[in-house]
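Biologist: I would like to learn how to read helix packing, burial and loop positions from a model. Could we go through some cases one at a time?

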Amino acid sequence: MIARGLLVPRSRGEEVRQDLQEAGLLRPDLAIRREVGSLVLPLSGHPDEVPASWGEVVEREFREVRRKGPVRYRDLLPWPEAEKELLPRSFDVVGEVVLIRLPAGLEGRKAEIGEALRRFVPGTRLVGLDHGVHGPDRRRVVEKIAGTGPWRTRHKENGVELDVDVERAYFSPRLAREHARVAQAVRSGDRVYDLCCGVGPFSIAIARLGRAAQVTAVDANPDAIELLRATLERYPVGGRVSPRAARLEEFLPGAPPVERVVMNLPHEGIKYLPSVARTAVAGGHLYYYEVVPRSEFGRRGNTLVNALSPVGTFAVVAERVVHPYSPASGLALFEFERRG
Ligand SMILES: C[S@@+](CC[C@H](N)C(=O)[O-])C[C@H]1O[C@@H](n2cnc3c(N)ncnc32)[C@H](O)[C@@H]1O
């Protein structure tokens with residue numbers, strides 16, 4: 001059948017496939033097309049949702065995938081096709097927990113949808129309706145719609161089973177590739193600050209590679225730090241991760257400068273950016289995340305460099321959309337190098 005796909009060079013095919021999958025934009029009922037030097041990944045949803053830097057949206061003939069069981073959770077719902085069109089395509093799997101956001105018009109049918117997801121995703125114990133993250137600690141408000149048991153679970157990411165509690169501390173399974181990318185950039189002997197670390201997926205990925213001399217993981221939410229400590233009990237990583245339950249306001253003033261600084265507080269991080277940037281040594285790198293409107297893509301980095309000029313000379317050495325955030329915005333990474 002003819003459908004939309006994303007044309008990407010073969011060398012980036014697997015990376016972009018995982019990005020699309022994490023964003024719920026990879027169409028599961030069509031097979032990936034192989035062309036000379038390229039792959040075409042079948043797309044779900046509107047092409048505007050795909051960041052332009054990921055590849056070119058094209059139309060192609062795709063082969064339909066024949067599977068024994070259902071290809072999508074909606075196949076398990078005995079609804080008319082027109083009603084199924086209202087169902088979200090994507091949902092998140094966090095260990096044994098599945099989370100889904102529903103439009104208001106479908107909340108009355110949440111139990112049926114939850115049960116379909118519980119049956120569809122292998123290993124699911126509990127399905128929650130996701131009411132978003134709220135408050136300074138970015139805790140997720142969730143409502144049980146199918147299954148049983150606690151929100152605490154273990155989620156496998158980058159080869160590690162992280163202790164996670166979807167209600168008590170922030171965690172998103174859509175950042176796994178980003179955690180791995182930043183970890184790969186760390187050089188031998190680097191000291192690292194993982195600011196707003198949540199349950200510590202950046203810290204653990206960095207420490208597991210074994211190159212960092214020390215990783216200090218800071219979060220204001222004591223529950224997040226307790227979960228990180230629980231993971232570290234199972235993966236001691238040579239004692240290289242030091243978890244600290246503290247607000248940035250307490251931690252930053254006395255913090256000596258280091259080679260790598262990560263800060264993932266996408267909506268409010270801007271207010272801390274200058275004091276965070278001060279904690280990077282000359283030649284050090286700062287990984288800063290922000291939700292950016294599409295209209296600002298490609299421009300925001302230089303605006304931030306100018307805003308940092310009272311602190312020092314910074315250059316943008318990488319800028320990318322990690323995943324779409326809303327139809328009009330994306331979660332973007334800005335990697336700065338301090339040049340003076
Ligand atoms: C988006 S989450 C980041 C989670 C983590 N870095 C990850 O990749 O999974 C933001 C975190 O910032 C923490 N936070 C918010 N304000 C803070 C502050 N002023 N000082 C320290 N941590 C803060 C929240 O508790 C939350 O865990």
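The dialogue below takes up helix faces, helix pairs and then single loop residues.

Modeller: Keep in mind that this is a predicted model.

Biologist: Let us start with a single helix. Which residues of α9 are buried?

Modeller: The general idea comes first. An α-helix has 3.6 residues a turn, so residues three or four places apart point the same way. Now the case: in helix α9, residues 300-307, the buried residues are Arg300, Gly301, Leu304 and Val305. Viewed down the axis of α9, these buried residues fall within an arc of 140°, so they line one face of the helix.

Biologist: Which exposed residues does the face turned away from the buried side of α9 carry?

Modeller: That face carries Asn302 and Asn306, both exposed. On the buried side, the residues of α9 pack against α8, β15, β16 (314-326) and β17 (329-338).

Biologist: Now α3. Which of its residues are buried, and what do they pack against?

Modeller: In α3, Ile113, Gly114, Ala116 and Leu117 are buried. Down the axis of α3 they fall within an arc of 160°, so these buried residues line one face of the helix. Their packing partners are β6 (97-100), β7 and β8.

Biologist: Next, pairs of helices. At what angle do the axes of α4 and α5 cross?

Modeller: To read a pair, take the angle between the axes and then the residues that make the contact. The axes of α4 (residues 176-185) and α5 (residues 201-209) come within 8 Å and cross at roughly 40°. An angle under 35 degrees would count as roughly parallel, and the crossing angle therefore makes α4 oblique to α5. The crossing of α4 and α5 is right-handed.

Biologist: Which residues make the contact between α4 and α5?

Modeller: From α4 they are Glu178, His179, Val182, Ala183 and Gln184, and from α5 they are Pro201, Phe202, Ala205, Ile206 and Leu209. Sorted by class, this contact of α4 with α5 has 7 nonpolar, 2 polar and 1 charged residues.

Biologist: And how does α1 pack with α4?

Modeller: Helix α1, residues 10-22, packs with α4 at an angle of about 140°, and the two axes are 9 Å apart. Only angles over 145 count as roughly antiparallel, so α1 is oblique to α4. In this contact, Glu15, Gln18, Asp19 and Glu22 of α1 meet Ala176, Arg177 and Arg181 of α4. The residues of the contact of α1 with α4 divide into 1 nonpolar, 1 polar and 5 charged.

Biologist: Let us turn to loops. Is Thr279 buried or exposed?

Modeller: For a loop residue, read its place, its accessibility and its contacts together. Thr279 lies in the loop between α8 (273-277) and β15 (280-293). With a relative accessible area of 2%, Thr279 is buried. Leaving aside residues up to four places away in sequence, Thr279 touches Tyr193, Leu252, Ala255, Pro256, Pro257, Val258 and Val261.

Biologist: What does Gly189 touch, and where does it lie?

Modeller: Gly189 is in the loop between α4 and β11. Its relative accessible area is 40%, and Gly189 is therefore partly exposed. Not counting residues up to four places away in sequence, Gly189 touches Arg211, Ala213 and Glu259. Gly189 and Gly210 are 21 residues apart in sequence and 9.3 Å apart in space, C-alpha to C-alpha.

Biologist: How far apart in space are Pro136 and Ala220?

Modeller: Sequence separation and distance in space are two separate readings. Pro136 and Ala220 are 84 residues apart in sequence and 8.5 Å apart in space, C-alpha to C-alpha. Pro136 lies in the loop between β7 and β8, and at 66% relative accessibility Pro136 counts as exposed.

Biologist: Last, backbone angles. What phi does Arg138 have?

Modeller: Arg138 has a positive phi of about 55° although it is not a glycine. Arg138 is in the loop between β7 and β8 and counts as partly exposed at 22% relative accessibility. Cys196, which is not a glycine, has a positive phi of about 60°. The place of Cys196 is the loop between β11 (191-195) and α5. Buried means under 20% relative accessible area, so at 19% Cys196 counts as buried.

Methods
Residues numbered from 1 in each chain as written. Predicted model: local features only at pLDDT ≥ 70, side-chain atom pairs only at ≥ 80, totals over all residues. Heavy atoms only, no water. Helix = DSSP H or I, 4+ residues; strand = E, 2+ residues; numbered from the N terminus. Buried < 20%, exposed > 50% of the residue type's maximum accessible area, 1.4 Å probe, protein only. Contact = heavy atoms within 4.5 Å. Axes fitted to C-alpha atoms, helices over the stretch in contact; angles between N-to-C directions. Parallel < 35°, antiparallel > 145°, perpendicular 65-115°, else oblique. Left-handed = near helix turned anticlockwise from the far one by under 90°. Nonpolar A, V, L, I, M, F, W, Y, C, P; charged D, E, K, R; others polar. Arc of directions from axis to C-beta.
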